[in-house]
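Me: I have a structure to look at and some terms to get straight. Can we go through them one by one?

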Amino acid sequence: MPVRIKRVYDEPDNADGLRVLVDRLWPRGLAKDKARVDLWAKDVAPSNELRKWFAHREDRWAAFQQRYRAELAENAALDELCAESEKNTVTLLYGARDQRINHARVLAAVITERSQRQDEADRPEEIAVEVSSPPCFLHELDAPWRGTEDGDDTDAPLYHEADRKPSTSKSGRSR
């Protein structure tokens with residue numbers, strides 16, 4: 001099911017599905033009944049240290065995404081959210097002013113990626129791929145592929161100098 005993101009200050013909508021607040025702190029000036037939050041998932045929010053370090057600075061956005069993904073990789077609470085997103089539409093609510101650079105975007109991407117990986121794991125027969133060619137077709141491989149079969153990372157050909165046919169000079173004799 002789709003994972004949406006929305007500012008917690010925006011009006012609730014029937015299409016929101018399960019409304020999950022993903023901030024560690026309750027949003028300022030917002031009454032709990034007006035927010036219509038179904039679940040407050042503090043544990044999937046960035047750690048206090050990461051949140052304070054990031055401070056919604058655009059120059060730290062790329063590093064923040066990496067650090068937050070690392071935190072999420074070790075986060076057991078994320079599994080519950082992923083499971084819920086497979087059953088229902090989930091709207092991740094955040095309080096940040098900036099709609100472009102905020103942790104809810106990263107979280108939504110991680111949930112979507114996990115969901116896609118789970119779908120692929122549920123259908124292994126559809127993604128089965130033959131990974132190698134029989135050795136008898138080795139001579140048909142293009143030049144860039146030669147040399148990689150034996151763990152040779154160079155562009156050197158498989159055969160050695162001694163394996164080549166002898167060259168002939170103008171006189172027709174072998175060297």
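Me: What makes residues 127-134 a stretch to read with care?
Reply: This is a predicted model. Over residues 127-134, pLDDT stays under 50, on a confidence scale that runs from 0 to 100. The model has one contact beyond four places in sequence for this stretch.

Me: What does the model show for residues 149-154?
Reply: There too pLDDT stays under 50. Residues 149-154 have five contacts beyond four places in sequence.

Me: What is the average pLDDT of the protein?
Reply: The average is 78. At least 70 is reached by 67% of the residues.

Me: Why is the pair Glu11 and Lys34 called a salt bridge?
Reply: The rule asks for a side-chain nitrogen of Lys or Arg within 4 Å of a carboxyl oxygen of Asp or Glu. Here the N to O distance is 3.5 Å. That is within the cut-off, so the pair counts.

Me: What does the pair of Glu11 and Lys34 tie together?
Reply: Glu11 sits in the loop between strand 1 (3-7) and strand 2 (18-21), and Lys34 sits in helix 1 (residues 32-35). The pair therefore links parts that are 23 residues apart in sequence.

Me: How do you know whether Glu11 and Lys34 are buried or exposed?
Reply: Exposed means over 50% relative accessible area. Glu11 has 55% and Lys34 has 51%. Both values pass the cut-off, so both residues are exposed.

Me: What makes Arg114 and Asp79 a salt bridge?
Reply: Their side chains meet at 2.7 Å, N to O. The limit is 4 Å, so the pair qualifies. Arg114 belongs to helix 5 (residues 103-122) and Asp79 to helix 4 (residues 77-87), so parts 35 residues apart in sequence are tied together.

Me: Why are Arg114 and Asp79 called partly exposed?
Reply: Partly exposed lies between the buried cut-off of 20% and the exposed cut-off of 50%. Arg114 has a relative accessible area of 22%, and Asp79 has 45%. Both values fall in between, so the label fits.

Me: How do you know that Glu84 and Lys87 form a salt bridge?
Reply: The N to O distance is 3.8 Å. That is within 4 Å, so the rule is met. Both residues lie in helix 4, three residues apart, about one turn of the helix. Glu84 is partly exposed at 22%, while Lys87 is exposed at 57%.

Me: How many salt bridges does the rule give?
Reply: Nine. Bridges with shared partners join Arg4, Lys6, Asp16 and Arg19 into one network.

Me: Which residues of helix 4 are buried, and what makes them line one face?
Reply: Leu78, Leu81, Cys82 and Ser85 are buried. Seen down the helix axis, the buried residues fall within an arc of 100°, so they line one face. On the other side of helix 4, Glu80 and Lys87 are exposed.

Me: Why is strand 4 called largely enclosed?
Reply: Five of the five residues in strand 4 (residues 90-94) are buried, so the rest of the structure largely encloses the strand. Val90, Leu92 and Tyr94 cover one side, and Thr91 and Leu93 the other.

Me: What makes strands 1 and 2 partners of strand 4?
Reply: Pairing needs at least two bridges. Strand 1 and strand 4 have five, in the parallel sense. Strand 2 and strand 4 also run parallel, joined by four. Both counts meet the cut-off, so both are pairs. Opposite Leu92 in strand 4 stand Ile5 and Val20.

Methods
Residues are numbered from 1 along each chain as its sequence is written. This is a predicted model: local features need pLDDT of at least 70, side-chain atom pairs count only at pLDDT 80 or more; totals for chains, interfaces and linings use all residues. Side-chain values use heavy atoms; hydrogens and water are left out. Helices (H or I, at least four residues) and strands (E, at least two) are DSSP runs, numbered from the N terminus. Buried means under 20% relative accessible area, exposed over 50%, partly exposed in between (1.4 Å probe, protein chains only). pLDDT is the predictor's confidence in each residue, from 0 to 100. Contact means heavy atoms within 4.5 Å. The arc is that of the directions from the helix axis to the C-beta atoms.
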